[in-house]
Each structure stands twice: as C-alpha cells, then as structure tokens.
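User: I've got a structure open and I'd like to learn how to read it. Can you walk me through it?

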Amino acid sequence: MPAVTIRNLSEEAHRALKIRAAHHGRSTEAEMRDILEGAVRPTNRVRIGSALSRLSRDAGLTNADFEALDQARDRKPAEPLGFE
C-alpha cells in the first residue's frame, strides 16, 4: 500500500488534526486517511455504471434491447493490422 509523507505541516494544523482524530476516536493517521479519501472520493460523485444505467433507463432501453444487440453483433475476431 502506498505511503505518503506530508512535509512542512504547521504545528497548528497538526494539533488540529490530533484533536479532530481524538474527537472521532481514531489515530491521527486514520483521521488524515479519512480526510484525504473524502476529498478525492466524495460520496456524491458520479459513478460510471450508475450514470450509464440511468441513461439507458431514460432512453427507454430494456434488457431485450441489449439482448438483440448482443445477438446481432459480429463475433468474428478482428484481423490484425498489417504494415506491408
């Protein structure tokens, strides 16, 4: 698992992190992980699978539509590209 070192963190910020961690009943390191996870992976982010599913529903597509497309597709493997 990757490790991160944060340099030049002010004493005030470190103290605030320690207090916040104690308030949440976890270590300072666990608190920092939670803060970073929340910043880069917010709970309200758009997930590609959910977005595609909603788009399909809004367009009125059903499983039968996808089955028809799957049966109609060409299953022959693509020919490799040649440079002759």
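Analyst: Sure. Let's begin with what counts as an element: helices are DSSP runs of at least four residues, strands are runs of at least two, and both are numbered from the N terminus. Keep in mind that this is a predicted model.

User: Okay, what pattern does the protein chain follow along the sequence?

Analyst: Going along the sequence, you get α-α-α-α. In other words, the protein chain has 4 helices and 0 strands.

User: Is the protein chain a compact globule or more spread out?

Analyst: Here you set the radius of gyration against what a globule rule gives. For 84 residues the rule gives 12 Å, but the protein chain comes out at 25 Å, well over that, so it is more spread out than a compact globule. The C-alpha trace spans about 65 × 45 × 15 Å along its principal axes.

User: How much of the protein chain is buried?

Analyst: A residue is called buried when its relative accessible area is under 20%. Just 6% of the 84 residues count as buried. As for the surface, the protein chain exposes about 8000 Å², and 55% of that comes from carbon and sulfur atoms.

User: Now the helices. How do α1 and α2 lie relative to each other?

Analyst: You look at the angle between their axes; 65 to 115 degrees counts as roughly perpendicular. Helix α1 covers residues 11-24 and helix α2 covers residues 28-40; their axes come within 8 Å and cross at roughly 95°. The two helices are therefore roughly perpendicular to each other.

User: Which residues make that contact?

Analyst: From α1 it's L17, K18, R20, A21 and H24, and from α2 it's T28, E31, M32 and I35. Sort the residues of this contact by type and you find 4 nonpolar, 2 polar and 3 charged.

User: What about the part before α1? Is N8 buried or exposed?

Analyst: The cut-off for exposed is over 50% relative accessible area. N8, which sits in the segment before α1, has 81%, so N8 is exposed. Check its backbone too: phi of N8 is near 60°, a positive value in a residue other than glycine.

User: And P2, where does that one lie?

Analyst: P2 is also in the segment before α1. With 76% relative accessibility, P2 counts as exposed. You can also try a distance here: P2 and K18 are 16 residues apart along the chain, and their C-alpha atoms are separated by 22 Å. You've met K18 already, as one of the α1 residues in the contact with α2.

Conventions:
Residues are numbered from 1 along each chain as its sequence is written. This is a predicted model: local features need pLDDT of at least 70, side-chain atom pairs count only at pLDDT 80 or more; totals for chains, interfaces and linings use all residues. Side-chain values use heavy atoms; hydrogens and water are left out. Axes are lines fitted to C-alpha atoms, for helices over the stretch in contact, and angles run from 0 to 180 degrees between N-to-C directions. Angles under 35 degrees count as roughly parallel, over 145 as roughly antiparallel, 65 to 115 as roughly perpendicular and the rest as oblique. Contact means heavy atoms within 4.5 Å. Ala, Val, Leu, Ile, Met, Phe, Trp, Tyr, Cys and Pro count as nonpolar, Asp, Glu, Lys and Arg as charged, and the others, Gly among them, as polar. The radius of gyration is taken over C-alpha atoms; the globule rule is 2.2 Å times the number of residues to the power 0.38. Buried means under 20% relative accessible area, exposed over 50%, partly exposed in between (1.4 Å probe, protein chains only). Accessible areas come from the Shrake-Rupley method with a 1.4 Å probe; for residues, only the protein chains shown count as cover.
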